[in-house]
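Reader: Before we discuss particular labels, could you show me the structure, and then set each value against the rule behind it?

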Amino acid sequence: MSGGRCSIVWFRRDLRVEDNPALAAGVRAGAIVAVFIWAPEEEGVYYPGRVSRWWLKQSLAHLDASLRTLGTSLVTKRSSDSISSLLEVVKSTGANQLLFNHLYDPISLVRDHRAKEVLTAQGVDVRSFNADLLYEPWEVRDGEGRPFTTFTSFWDRCLSMLYDPEAPLLPPKRIISADVSRCPSDNLVFEDESEKGSNALLARAWSPGWSNADKALTAFINGPLIEYSMNRRKADSATTSFLSPHLHFGEVSVRKVFHLVRMKQVLWANEGNKSGEESVNLFLKSIGLREYSRYMSFNHPYSHERPLLGHLKYFPWVVDESYFKVWRQGRTGYPLVDAGMRELWATGWLHDRIRVVVSSFFVKVLLLPWRWGMKYFWDTLLDADLESDALGWQYISGTLPDGRELDRIDNPQFEGYKFDPNGEYVRRWLPELARLPTEWIHHPWNAPESVLQAAGIELGSNYPLPIVEIDAAKARLQEALSQMWQHEAASRSAIENGMEEGLGDTSESAPLGLPEDTQMEMDHEPVRNNPVNTVIRRYEDQMVPSMTSSLVRFDDEETSIDRRNLADDSRAEVPINVNVNVTEEPREPHGHHVMQTVRTINTFPQFNFAMGQRDTEDSTAESSSSRRERDGGVVPVWSPSSSNFSDQFTGEDNGIGTSSSYLQRHPQSHQLVNWRRLSQTG
DNA sequence: GCATTGTTCGG
DNA sequence: CGAACAATG
């Protein structure tokens, strides 16, 4: 069934030939132009870090080699605008079809939607596929057609869907190459000279590329998987799957992972191997978290820069560059934290447990704004992944409905006992502590002077004293929380009294070039209970996940706004705005940031409030809140639609499973950061 | 042995 | 907070 079709297969983060639906569709239809476009400027501040680029380079080479054995090769383009590059490829090859697999980060959502529009307008047939998830975000909904708001409910549903995730596709046997003689490849540069030395080391530990990913998967399933539940508490052990960078670049399909792992589970269940079965459940949960991160990103496109629960915008972050630096360098005086940070710097890798330790320390002990930490992870992690990392940091920061509570400080000393009982991990990464006996390895500040001397340690000199005592940290955190609640309450009452601005928030400024964290309004009613419009289509349909595809749903409910305007805004302009505005800005002392206000805000002020609470006069809410947003000064918004998707967290009677009963039960308090309480404050 | 209280931990 | 688990009597 070949014929006249010539398809561009646009590779992005699906760098594999196996179980690649876009590629498979192209092969089925006829000739293929395989394209990769390197347009990092489109990513704005999320320009990939050094190790991430190193991985990408290897992975592309690997993919190209595979494609060559199948009969074609990878065309590479350097671009500042993916869509114009696609148009060029269309022109130079005569392709009449564009095929790609879905992505769910906010920038891709907008760009891909536009790609589809633009190319379709040029007469190109555009098709897109799910290659990254077990189920598309819009397939997983509660009984009333709304997205789930807690991981557990989400994952339960995924595991009990009436249909299984698609079975993985085999790699094509042969590919018919289109004529690309007039479509030259650009040489892509992923590292500069200064980076080469550091990168050379990476190759010793990692082998990017889809067939290596496949080997890693097999090795994991036949090895560490069965012990996964026993070993997961150790900082050090090589018991994790090490699949995350492979998964990030789509070198291996989660569907394949899922199916293979499930088969093992069935096997072990039949053998009565309880712990093996449990191991699979735990491992699948981590796969589920990855799914959930995409789900959240799709439903809440702001989630990588705004807390999902709005109270955090009143949190008095300590905007202290020197703390930040100490953390990065692994000189906090807490051995487990420092070991983790040194490992991260040296290898681009951290065990999940240690990620939680260091990020939790960052947020709760140092009180630094979580997005700084997230950005640092982005820059340094080999498996840096915007959606997963945003979810992780939000979890740590207590801004997810089912995340950790913010007022609980984990003591790195005790975590050390748990995750690194023999101190091996600390000794490996902190040579200056290598001679300290295990008894003191996680709290050298308590060690007798003689012990320290024998170990060659002089605290405050060759290893620091704790930068903040844990008791002091607890007090500081409590103080910060009570300030946060006061601000929150004052601001709310100011708004209710009709003051235009509420109170200026104390929120994170926009350091490190990151956008200011502003509204995630607490007081908007979620009104998305319209299952009818939930997009349900067949698997190979034309649906591109995009802001606008989600917009469909509230369009119907929302009569007071100019829809065309809204949609236009969210599509074309947004990504450009992001790139333009989110650049490094000098930070000012008190977090007052001057940054260009993004156009979309002004063109679309009324959006939030049209959905807004029923018991508040619309106009009031409208003006105050939109004003605040502007006054905040720094609000890169790439789609007005996005805020819409977060208000479900804020409502009281949106019937999210058990949550409403929780709501009834817990009275408001200024002590606890807890979404249930928060929701009651409305 | 089992009910009771304390502790840990949770996506 | 509440569930699960541990220590305790």
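Author: In this predicted model, α11 gives the largest share of the lining of the largest pocket, namely 11 residues.

Reader: What makes a residue part of that lining, and which residues are closest to the centre of the largest pocket?

Author: A lining residue must have an atom within 4 Å of a point of the pocket, and 49 residues line the largest pocket, with Lys-285, Ser-286, Leu-289, Arg-290 and Asp-352 the closest to its centre. The space in this pocket comes to about 1,600 Å³. Besides α11 (274-299), the elements that supply at least two residues each are α5 (151-159), α8 (228-231), α9 (244-248), α14 (352-365) and α16. By class, the lining divides into 22 nonpolar, 14 polar and 13 charged residues.

Reader: Why is the space of about 410 Å³ called a cavity and not a pocket?

Author: The term cavity applies where a 1.4 Å probe fits but cannot get out, whereas a pocket is an open set. The largest cavity, with a volume of about 410 Å³, is therefore an enclosed space by that rule. The model has 11 cavities of 30 Å³ or more. Of the 28 residues that line the largest cavity, Arg-13, Phe-36, Trp-38, Glu-43 and Pro-48 lie nearest its centre, and the elements giving two or more residues to this lining are β1, β2, α2, α4 (106-121) and α16 (386-396). The lining of the largest cavity has 15 nonpolar, four polar and nine charged residues.

Reader: How do you know that β1 and β2 are paired strands?

Author: Pairing requires at least two bridges between the strands, and seven bridges join β1 (residues 5-11) to β2 (residues 30-38), so these parallel strands meet the rule. One of the bridge partners is Ala-31 in β2, which stands with Cys-6. On the same criterion β1 and β4 are paired, because four bridges join these parallel strands, and here Val-9 stands opposite Leu-99 in β4. The strands β4 and β5 also pair in the parallel sense, over five bridges, with Leu-98 opposite Val-126 in β5.

Reader: What makes β3 and β5 edge strands?

Author: The five strands form an open parallel sheet in the order β3-β2-β1-β4-β5. Since β3 (74-78) and β5 (125-129) each have a single partner strand, they stand at the edges, and one side of each is therefore left without a neighbour in the sheet. From one strand to the next the twist averages 25°.

Reader: Why is β4 described as mostly covered?

Author: Buried means under 20% relative accessible area, and five of the five residues of β4 are buried, so the description follows. Gln-97, Leu-99 and Asn-101 point one way from β4, while Leu-98 and Phe-100 point the other way, and all are buried. Helix α1 (residues 21-29) lies across β4 (97-101) as well as β1, β2 and β5, and runs at about 150° to β2. Helix α2 (residues 50-70) lies across β1, β2 and β3, running at about 165° to β2.

Reader: Why is Thr-218 called partly exposed?

Author: Thr-218, in helix α7 (residues 210-222), has a relative accessible area of 39%. Because partly exposed covers the range between under 20% and over 50%, the value of 39% places Thr-218 in that class. For chain A as a whole, 60% of the 682 residues count as buried.

Key:
Residues are numbered from 1 along each chain as its sequence is written. Chains are lettered from A and ligands numbered from 1 in the order in which they are written. This is a predicted model: local features need pLDDT of at least 70, side-chain atom pairs count only at pLDDT 80 or more; totals for chains, interfaces and linings use all residues. Side-chain values use heavy atoms; hydrogens and water are left out. Axes are lines fitted to C-alpha atoms, for helices over the stretch in contact, and angles run from 0 to 180 degrees between N-to-C directions. Contact means heavy atoms within 4.5 Å. On a 1 Å grid over the protein atoms alone, a cavity is a set of points where a 1.4 Å probe fits but cannot get out, and a pocket is an open set with protein on both sides within 12 Å along at least five of seven lines; lining residues have an atom within 4 Å of a point. Grid points are joined across faces, edges and corners, and a volume is the space filled by probe spheres set on the points. Ala, Val, Leu, Ile, Met, Phe, Trp, Tyr, Cys and Pro count as nonpolar, Asp, Glu, Lys and Arg as charged, and the others, Gly among them, as polar. Buried means under 20% relative accessible area, exposed over 50%, partly exposed in between (1.4 Å probe, protein chains only).
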